[in-house]
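Biologist: Please take a close look at the interior of this model. I want the enclosed space and the residues packed around it, in one connected account.

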Amino acid sequence: MSSLPTPAARSRGTALAVLVVALCWTVVLFDGLDLFVYGAVLPGMLDDPDLGLSPGRAGDLGSYATFGMLLGALSAGTVTDWIGRKKVIIGCTTVFSLASAGCAMAPTLGVFGVARFVAGLGLGGLLPTTITLVAEYAPRGRDNLMIGLLMTAHQAGGILAALLGLWLVEPFGWRSAFWVGLAPLVIAVPLVAMFLPESLGFLIARGRTDEARRLADRYRVELPATEPAPATPPDRRHALTALFRDGQWRRTVLFWWASFGGLLLVYGVSTWLPTMMRGQGYELGSALAFLIVINLGGIVGMLVAGRIADRFGAARVAAVWFGCTAIGIYLLGIHMPLALTYLVVFLTGLWLFSAQTMVYATVVGRSTAENRATAVGWTSGMGRFGAVFGPWLGGRLVANEAQDWGFTVFAATALFATVMIGLTGLRTARRSPRSGPARPVSTTG
């Protein structure tokens, strides 16, 4: 016999979900700041005569961080399903925070590139892990909204990075913005260590039922309805091989290609938008303002996409949003009145960032508790090849004074992502039992 959680239990479960989202939102804010700060200070770095940075070399440096993110995402997904979400979040935040200080102190471009690569290891592992944990604690039927709410932090970090570029680079130099990257080590890591709960579903799946029960009692929530752990713990490779069994490999590969296109857009546009718009004749202040506006659009898009996806399905939203992104990016390559340009930039941000987030949400919804972090991590990680390629491609186009072609190439990439996510199937998948504080639980002994 089973029973539904009482209203009081649902209230406590919602409060716990808010706590998890708030703490993860904080670390993802700094993740976005550290990621987007390079694009925000890049015009200042190119203008620094002592640095000797060319646009082509700048594209290479931008790819170092995203290559680190590729490795971080691929490893973190499997490690998270092995040691838990909380430890990975703390470790990743510490890594990219210390690496940001390394960028600030870097005496040469080579050292700067190494520091950006190390930062990428932490940045790449953090995002899929926080997405997984938030999805597991989300109230029933609010998964996509909670993921969208979490990802507003990433765009808020992009806005903060642009503001640092406006406020710090001219008076204090580009290195000052990277010193701000030490803040999460002082602010976020202690909060996460003290207050962030581990995933209840992860604990039960690993056979740590007593620990899960103590955690549930501590926060006064009910244990999730999860399959009992096997007598023999599964091999750590099990979660990865499950992505390819029983014909799942086709959908897995399509998700990877969709993520490749989405992350090529996210990191290519974020890194080169100020420089490309500056090449269109806009002043530096206006070019950085476009970065703020596109991230403001991203925040609105996360909230709108999350609510729509909870009703119609994340895959459908991702497909439509990628198609709209293609239109928006293509229009940016056409000279328009300034007010209209700001509107197009805002709408492009609304569609672009949340389209990629809905790819992750689709993967979350079609995975099980045992391999969810691995599925999201590998989708993010394989997509990082696009994140590596995007900044490099933008650098080559700008170096050859072909930034107008950049808008066309990015628009074509959005169409490619539309096709890939569409081929995965746009119907809402039946959800498997997930961890979460407000789920039906068995009351039989």
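Modeller: The chain folds into 18 helices and two strands (DSSP runs: H or I of at least four residues for a helix, E of at least two for a strand, numbered from the N terminus). This is a predicted model, in which local features need pLDDT of at least 70 and side-chain atom pairs count only at pLDDT 80 or more, while totals for chains, interfaces and linings use all residues. Residues are numbered from 1 along each chain as its sequence is written, and side-chain values use heavy atoms, with hydrogens and water left out.

Start with the chain as a whole. Of its 445 residues, 58% are buried (under 20% relative accessible area with a 1.4 Å probe, protein chains only; exposed is over 50%, partly exposed in between). Take the contacts between residues at least 6 apart in sequence: 84% of them join residues at least 24 apart (contact means heavy atoms within 4.5 Å).

Now the enclosed space. There are three cavities of 30 Å³ or more (on a 1 Å grid over the protein atoms alone, a cavity is a set of points where a 1.4 Å probe fits but cannot get out; lining residues have an atom within 4 Å of a point). Volumes are the space filled by probe spheres set on the points, with points joined across faces, edges and corners.

The largest cavity has a volume of about 100 Å³. Its lining is made by Leu35, Phe36, Tyr38, Gly39, Gly62, Ala65, Thr66, Arg116, Tyr267, Ser270, Thr271 and Pro391. Three elements give two or more residues each: α1 (7-47), α2 (55-83) and α13 (248-279). Helix α1 has the largest share, four residues. By class, the lining holds six nonpolar, five polar and one charged residues (nonpolar: Ala, Val, Leu, Ile, Met, Phe, Trp, Tyr, Cys and Pro; charged: Asp, Glu, Lys and Arg; polar: the others, Gly among them).

The second largest cavity holds about 80 Å³ of space. It is lined by 13 residues. Nearest its centre lie Leu127, Met151, His154, Val266 and Gln356. At least two lining residues come from each of α5 (143-167), α13 and α16 (338-365). Here α16 supplies the largest share, four residues. The class split is eight nonpolar, four polar and one charged.

Follow His154 from that lining. Its side chain makes a polar contact with the side chain of Asp31, at 2.8 Å (a pair of N or O atoms within 3.5 Å, one able to donate a hydrogen and the other to accept it; residues adjacent in sequence count only if both atoms are side-chain atoms). Asp31 sits in helix α1. Asp31 counts as buried because its relative accessibility is 0%. Beyond four places in sequence, Asp31 touches Phe96, Leu123, Leu126, Leu127 and His154. Leu127 and His154 also belong to the group nearest the centre of the second largest cavity.

Next, Ile147 in helix α5. Ile147 is at 0% relative accessibility, so it is buried. Not counting residues up to four places away, Ile147 contacts Ile131, Val134, Ala135, Thr357, Ala361 and Val364. Val134 is 13 residues from Ile147 in sequence, and the two C-alpha atoms are 6.6 Å apart.

Helix α16 also holds Trp351. This residue is buried, with a relative accessible area of 19%. Leaving aside neighbours within four places, Trp351 is in contact with Trp321, Cys324 and Thr325. Its C-alpha lies 8.7 Å from that of Val320, 31 residues away along the chain.

Two more places complete the tour. Ser100 belongs to helix α3 (residues 85-105). Its relative accessibility is 2%, so Ser100 counts as buried. The Ser100 side chain reaches the backbone oxygen of Phe178 at 2.6 Å. Outside its neighbours within four places, Ser100 contacts Asp34, Phe178 and Gly181.

Last comes helix α9 (residues 188-195), whose buried residues are Ala188, Val189 and Val192. Viewed down the axis, these fall within an arc of 95°, so they line one face of the helix (the arc is that of the directions from the helix axis to the C-beta atoms). An α-helix has 3.6 residues a turn, so residues three or four places apart point the same way.

Note on methods. On a 1 Å grid over the protein atoms alone, a cavity is a set of points where a 1.4 Å probe fits but cannot get out, and a pocket is an open set with protein on both sides within 12 Å along at least five of seven lines; lining residues have an atom within 4 Å of a point.
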